[in-house]
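Me: I am new to this structure and should be grateful for a close look at a single part of it, namely its aromatic rings.

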Amino acid sequence: MNDTAAVKHQPAADDIQRTLLVLAAWFFLALWLGVTGRLATPDGLPIGLGAAIVLPLIVFAIDGRFGHPLFGGLMRLDLHALIAAQTFRILGVTFLVAWAGGALPGGFALPAGIGDVAIGLTAPFVATAVARRRPLAVAWIWSVVGVADLVIAVTSGVLHSGGPLGLLGGGAITTNAVARYPLSLIPSFGVPLALLLHVRTFAALRAAMVIPSRSGPGNIR
């Protein structure tokens with residue numbers, strides 16, 4: 001690699017390293033919040049979990065106003081890589097395990113867990129189709145379903161909680177366990193990360209449709 005090529009690749013490497021550090025710091029912050037119980041609000045409004053989901057999205061939006069100094073690595077991912085990254089959502093199987101163990105209500109755990117597992121399992125196949133420049137309709141549908149799954153899961157989680165908004169949480173088993181470690185890592189890290197990936201995926205899909213002849217569906221830069 002000559003000096004010119006090295007200089008060209010240096011900003012990309014810096015962006016990726018910086019974003020990885022941000023993600024690591026975010027993960028350990030979410031871990032600390034869960035372990036210390038700071039997200040749990042028994043019989044109260046789920047303010048902590050709500051903030052844990054919304055604040056990263058706000059930070060991402062503000063970061064975009066300044067050219068993404070924090071999430072530059074995420075901005076450099078190709079469309080198929082953004083989709084493939086959602087494979088981590090197979091970890092939603094933990095909801096099913098928790099339900100089987102009597103720690104979560106089925107009204108929440110079953111749709112949330114099955115939805116996440118379905119999105120995670122299909123992510124590599126959708127990413128492969130996009131990388132091979134197949135029609136983007138399947139990626140659009142998959143992305144919309146992926147966001148809908150997250151919205152339904154969050155809404156269902158609130159409705160099955162033990163707080164004043166828990167209209168469906170009148171039984172002995174509620175979703176309060178989601179605010180405690182280890183399940184707390186899902187709403188405080190997994191959900192907002194998945195939403196950020198979907199935001200970038202939608203932007204990449206729009207770009208791929210506008211300039212397909214120049215960049216193709218796999219190139220979002």
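Reply: The following account considers the aromatic pairs and then the nonpolar cores.

This is a predicted model, in which local features need pLDDT of at least 70 and side-chain atom pairs count only at pLDDT 80 or more, while totals for chains, interfaces and linings use all residues. Residues are numbered from 1 along each chain as its sequence is written, and side-chain values use heavy atoms, with hydrogens and water left out.

The structure holds six aromatic pairs (rings of Phe, Tyr and Trp, the last by its six-membered ring, with centres within 6.5 Å; planes under 30 degrees apart are stacked, over 60 edge-to-face, the rest tilted). The rings of Phe27 and Phe28 are edge-to-face, because their planes stand at 80° with the centres 5.5 Å apart. Phe27 also forms an edge-to-face pair with Phe189, at 5.4 Å centre to centre and 80° between the planes. Since Phe27 lies in helix 1 and Phe189 in helix 8, this pair ties together parts 162 residues apart in sequence; helices are DSSP runs of H or I, at least four residues, numbered from the N terminus. Ring pairs link Trp26, Phe27, Phe28 and Phe189 into a cluster.

Relative accessible area (1.4 Å probe, protein chains only) is termed buried under 20%, exposed over 50% and partly exposed in between. Phe189 is buried at 15%, Phe27 is partly exposed at 29%, and Phe28 is exposed at 53%.

The largest nonpolar core (buried Ala, Val, Leu, Ile, Met, Phe, Trp, Tyr and Cys residues joined through side-chain atoms within 4.5 Å) has 26 residues. Helix 8 gives the largest share of this core, nine residues.

How values were computed:
Helices (H or I, at least four residues) and strands (E, at least two) are DSSP runs, numbered from the N terminus.
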